[in-house]
Amino acid sequence: RNLVLHHFANGYSAVNGCRQNETICVIFIFVALSPDFSWSKEVQAKLCSVFQLSNFRPLQRAAINLSMSGKDLFLVMPTGRGKSLCYQLPALCSKGFTLVIAPLVSLMEDQLMYLKSVDVPAVTLNASSTKEDSKHVLAGMIDKNSPFKLLYVTPEKIAKSKLLMSKLDKAYNMGLLTRIAVDEVHCCSQWGHDFRPDYKLLGILKRQFPKVPLVGLTATATSNVLKDCQKILCVQEPITLTAPFNRPNLYYEVRFKDNEDCTDQIAQMIRERYKNQSGIVYVFSQKDAAAVATDLQKKNILAQPYHANMEPSDKSLVHQRWSSKKIQVVVATVAFGMGIDKADVRFVIHHTISKSIENYYQESGRAGRDDGSADCIVFFGFADIFRISTMVVMENTGQQKLQNMVAYCQNVDRCRRAMMAIHFDEVWNDDECNQMCDVCRHGNDYITMDITKHARDVVTIVEMASSMDEKLTPLKVCDAWLGKGPAKHRKTIKVTSLSRLEVESVIIHLLLHGYFSEDFSFTPYTTHFYLKLGRKAALLKNGNHSITMKMRRRVMSPATVSQSINSAEVFIFHMQAVPPADSDDKKSFLRRRTKKYSSFIPYSQNKSM
Ligand SMILES: Nc1ncnc2c1ncn2[C@H]1C[C@H](O)[C@@H](COP(=O)(O)OP(=O)(O)OP(=O)(O)O)O1
């Protein structure tokens, strides 16, 4: 059922989720790639004359032909690859108008501005439309001369405006409602990463206007999310076109936060590595956005914050200044997202991990839209995991998604792209990464450790606390295990010889593998995260049970390395630990050794590789 054709059409497109007859579906796609439809000449001509583009990007032609031939379609294409063209061009080459549902007014305004610049008549109806504008738009919808080709509305408008629905009804009966495009279609599904309740009501469109082809567009959706969207939108047999998630020009890297604030490291990178280049620093909260932006400004970096709580005019000012290179960096929360279409973003740094892999993929995907090389670096901090965990506590799948993101960061031996591929149900060959992630570039930089004894010790701490009716936060567990807890506990606790970073890694590992689990406690003001024993904790009572984990060699203390269960790797470690004879090299070696948590050289600085 889940047909996936890879390297289809110029080695790019993939087709999946054909529910009906897979052969028919594949034939559709082959046919859709043909340049010989009745509309092909006009489409090609307008691609050049109106949109000023000479060629289609992968999947665009197939998507446009399928849409022009009246098929319902889901188009999953990485951010910045040109999804909009796949409904704008068909709109221009058809009679009547295309109804576009978009989640944000700012996003619509950007699109309208762009369409105006290329002389494509387009309008919007949203909460801030004046009476006069609304009247003009509503009249235009049933005007046979179609004064506009695209009508942008928010999902709220569809849900709330009976007047709009009645005009759509009339336009449908007159044959003027030609196509429906649902942008960011993953917002329909609770399993998607940006669920919007009003998207759930959009099923009315297909129920009411069954003959109008619908195209749903998204950059990130797993097959389960798409199935959910299909149900919600009442689309019977859509064809799904999926462009591979892979962005070969992006270098992915994870760095451990060696102290809570990694802003110094970020500032240094921006000043040295990304001098005069545009980028984004994503942070956890509005407060962090302001604080990190101020810190960067103090270090002479032209940075400004951006978050949902700012005045719309301030937000667009920051956006404009960044787009025109008057500022170098936007320090933003996730509010800086949809509709950001700057081509030459050379770095996206996450000061704090994202709440899911989908979020991370989309946020980091704002880099390198011009196909030039760009770096996506995430700083992985222990305390951040629990801050985010309490933030997503109300979301059905929030914890699971966060765990996937944490596993992505904690991972030391699998290609980062492979981890994303698994997440997006893609088949992946690690060689295709082309050393464009830290793991592939620095292959054997990890050691396998037997952590059974450590696990028993730390599980005992939580067990003891629970027997005394005490709850411990992960930070308290770390402290207690490192011998820094309250004096009364210190006598009974076996203090560990591991370093703080190792302690944190072991606790994360135990949490990801079910030896610990989360125990939330709600107060009127905040939610607390405590650790409790997980479903697998009891296994540790069994003397034969063992746990191993892979740990980055550079985050390990020599003491731990000697406990590693792979003696060949220990040997390599000691070989590498001999400083070079040359004094310059020696200095940099020592710098590297002291700053043992710092990470690899990103792609843009390492073009020789
Ligand atoms: N065939 C093409 N050739 C060259 N550039 C193209 C082509 N099609 C689109 N583009 C450009 C136009 C835009 O500047 C840029 C991104 O297009 P856009 O439609 O906004 O991407 P998108 O909708 O896939 O991204 P997002 O997921 O962020 O919304 O790509």
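This report walks through the domains, a sheet, a hairpin, a pocket and a cavity of a predicted model.

## How the chain is divided

Let's start with the big picture. The protein chain splits into three parts: domain 1 covers 1-242, domain 2 covers 250-442, and domain 3 covers 449-552.

Domains 1 and 2 touch each other, with 24 residues of domain 1 in contact with 21 residues of domain 2. Their C-alpha centres are 29 Å apart.

## The six-stranded sheet

Here's a good thing to look for in the 3D view: an open sheet built from 6 strands. Reading across it, the order is β9-β14-β13-β10-β12-β11, and the strands pair in parallel. At the edges you'll find β9 (250-256) and β11 (303-306); each has a single partner strand, so one side of each has no neighbour in the sheet. From one strand to the next, the twist averages 20°.

Now zoom in on one pair. Strand β10 (residues 278-282) and strand β13 (residues 345-350) run parallel and are joined by 5 bridges. To find your place there, pick out S278, whose bridge partner in β13 is V345. As a rule, side chains in a regular strand alternate between the two faces of the sheet.

A helix goes with this sheet too. Helix α14 (residues 312-323) lies across β10, β11, β12 (329-332) and β13. Compared with β11, helix α14 runs at about 140°.

## The largest pocket

Which residues lie nearest the centre of the largest pocket? They are D110, Q111, G339, I340 and D341, out of 48 residues that line the pocket. The space in this pocket comes to about 1700 Å³.

Both domain 1 (1-242) and domain 2 (250-442) take part, each giving at least three residues to the pocket lining. Among the helices, α5 (85-92), α6 (105-117) and α14 each supply at least two lining residues. The top contributor is α6, with 8 residues. As for the chemistry, the pocket lining has 18 nonpolar, 17 polar and 13 charged residues.

## The largest cavity

Besides that pocket, the structure has 6 cavities of 30 Å³ or more. The largest of these cavities has a volume of about 90 Å³. Its lining is made up of I385, F386, S389, Q399, L402, Q403, V406, I508, L511, L512, E518 and F529. Two or more of those residues come from each of α16 (382-391), α17 (398-410) and α23 (500-512).

The largest share comes from α17, which gives 4 residues to the lining of the largest cavity. By class, this lining counts 8 nonpolar, 3 polar and 1 charged residues. Why does the largest cavity lie between domain 2 and domain 3? Because domain 2 (250-442) and domain 3 (449-552) both give residues to its lining.

## Where α16 meets α23

Two of the helices that line the largest cavity, α16 and α23, also pair up with each other. Their axes come within 10 Å and cross at roughly 35°. On the α16 side, the contact is made by F382, I385 and F386. On the α23 side, the residues are E504, I507, I508 and L511. Sorted by class, the residues of this contact are 6 nonpolar, no polar and 1 charged.

I385 and F386 of α16 make this contact and also line the largest cavity. From α23, I508 and L511 likewise belong to the contact and to the cavity lining.

## A hairpin in domain 3

One last feature to find: β16 and β17 form a hairpin, with 4 residues between them. Strand β16 takes in residues 516-522, strand β17 takes in residues 527-533, and the two run antiparallel. They are joined by 7 bridges. Which residue of β17 stands opposite S521? That is H528.

The hairpin has a link back to the cavity as well. E518 and F529 are among the residues lining the largest cavity, and they fall within β16 and β17 respectively.

Terms used. Residues are numbered from 1 along each chain as its sequence is written. This is a predicted model: local features need pLDDT of at least 70, side-chain atom pairs count only at pLDDT 80 or more; totals for chains, interfaces and linings use all residues. Side-chain values use heavy atoms; hydrogens and water are left out. On a 1 Å grid over the protein atoms alone, a cavity is a set of points where a 1.4 Å probe fits but cannot get out, and a pocket is an open set with protein on both sides within 12 Å along at least five of seven lines; lining residues have an atom within 4 Å of a point. Grid points are joined across faces, edges and corners, and a volume is the space filled by probe spheres set on the points. Ala, Val, Leu, Ile, Met, Phe, Trp, Tyr, Cys and Pro count as nonpolar, Asp, Glu, Lys and Arg as charged, and the others, Gly among them, as polar. Domain bounds come from an automatic or database domain assignment. Two strands pair if DSSP finds at least two bridges between them. Axes are lines fitted to C-alpha atoms, for helices over the stretch in contact, and angles run from 0 to 180 degrees between N-to-C directions. Contact means heavy atoms within 4.5 Å.
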